[in-house]
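Q: I am in my first year and would like to look closely at one part of this protein. Could you walk me through a single strand and its surroundings, and then show me the whole that it belongs to?

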Amino acid sequence: MKPFMYYKGLKQLAHEVNGNENIYLGIRPYGFHSGNMLPFVVYPRLLCEEVIRLGKVPSFNFYVFINDWEQDKLDGPNPIDYPFNVYPANTTFQHVYITKDKKKNIVDKWEPVIMKGVKSITSTFKKTKVYSIRNSSIKSHPLMKKYLLKTLREPGKIAEIFRKRTGRPVLDNPLEYVIAVCPKCGLVKGQTRILYGDMLEHSCEACGIVTRRWYKNFDYWFYHKPLAIPRLEIFKIDFCITGGDHFAEGDFYIRQDLIKLFGAKIKPLKVLYTPVILGFNGERMGKSKKNDVVLPIDKLMNLVKKNSNANSIKINVKP
């Protein structure tokens, strides 16, 4: 595995690719702003431009992983001080509904917005392709099932990787990186355990119901760090493009250790890190922080080029 940092790293990576690689892009389906656009639109476009400059044809496959298994909001003893002792405050995006009949969830609202932005790559670079993948759509894949159950079975080993690679404290309890969605109340509360094989038992702290079902009959919250591993293997990913804040969190080395723990058969992975976009208040841009704005692609690309060595770029426009 090898990290490539910012615009300088992009130019280095362009020399090492053929132009037809499978690229991993992962996002929570809750908004799409300039902070998201850097790894999802700007850097892919800049990479394609650089590949052309080197005499190669960009025909990349961009896999956009829509994390509908991510929590709507984090909870835990203290998510800031103990970021690896967290769980959903309520439920996953898959179960956050925006219609009373529960036929449309928040993912249905934001996935088209996200994909419209990413698919703009293909209008300029005709041989590139973009695919949208919801985690829930690959639940039945043998590798997703295998690694989810392993994560459920061995949370302590994963916690030890987090301790080792980040130096952050990890409490012994709560220590859950997979929790089933309660079929009765739709919340992600309580504990899920393996009874035998892939027969699971979920004890819901919200409604008090104990449910026993086969793996295939539950929906899940699956913590995003181990969740990355099955997606990398299933789709034969060659490299990832993601925000530089993930490198600061130790993700590059965490993934190496998780790959070893799971015994995953993954290509030697390259990761291209983009600068972090800061909102007008100096904080990392995000919809939940209410400092998100959408700038034109050309303006963002120029900002990247002007700040080629910067690990963060501030946007001075108020939402």
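**A strand and its neighbours**

A: In this predicted model, Leu-200 stands opposite Arg-213, a residue of strand β10. The strand to look at here is β9, which covers residues 199-203. Of its five residues, four are buried, where buried means under 20% relative accessible area, and β9 is therefore largely enclosed by the rest of the structure.

We can now follow the pairing on each side of β9. Strand β8, made of residues 191-196, pairs with β9 in the antiparallel sense over five bridges. Strand β10, residues 210-214, is also joined to β9 by five bridges, and these two strands run antiparallel. One residue helps to fix the picture, namely Glu-201: in β9 it is the bridge partner of Arg-193, while in β10 the bridge partner of Glu-201 is Arg-212.

The chain passes between these strands by way of turns. Between β8 and β9, which form a hairpin, there are two residues, and Gly-197 in that turn has a positive phi of about 55 degrees. The hairpin formed by β9 and β10 has six residues between its strands, and in its turn Gly-208 has a positive phi of about 80 degrees.

Taken together, the three strands form an open sheet in the order β8-β9-β10, with antiparallel pairing. Its edge strands are β8 and β10, each of which pairs on one side only. On average, neighbouring strands of this sheet are turned by 25 degrees against each other, if direction is ignored. A helix belongs to these surroundings as well: α4, residues 142-153, lies across β8 and β9 and runs at about 105 degrees to β8.

Stepping back to the whole, the protein contains nine helices and 15 strands. Its radius of gyration is 20 Å, close to the 20 Å that the globule rule gives for 319 residues, so the protein is as compact as a globular protein of that length. Measured out along the principal axes, its C-alpha atoms fill a box of roughly 60 × 40 × 40 Å. Buried residues make up 53% of the 319 residues, and the accessible surface comes to about 14500 Å², of which 49% belongs to carbon and sulfur atoms. Finally, if we take the contacts between residues at least 6 apart in sequence, 72% of them join residues at least 24 apart.

Definitions and conventions:
Residues are numbered from 1 along each chain as its sequence is written. This is a predicted model: local features need pLDDT of at least 70, side-chain atom pairs count only at pLDDT 80 or more; totals for chains, interfaces and linings use all residues. Side-chain values use heavy atoms; hydrogens and water are left out. Buried means under 20% relative accessible area, exposed over 50%, partly exposed in between (1.4 Å probe, protein chains only). Two strands pair if DSSP finds at least two bridges between them. Axes are lines fitted to C-alpha atoms, for helices over the stretch in contact, and angles run from 0 to 180 degrees between N-to-C directions. Contact means heavy atoms within 4.5 Å. The radius of gyration is taken over C-alpha atoms; the globule rule is 2.2 Å times the number of residues to the power 0.38. Accessible areas come from the Shrake-Rupley method with a 1.4 Å probe; for residues, only the protein chains shown count as cover.
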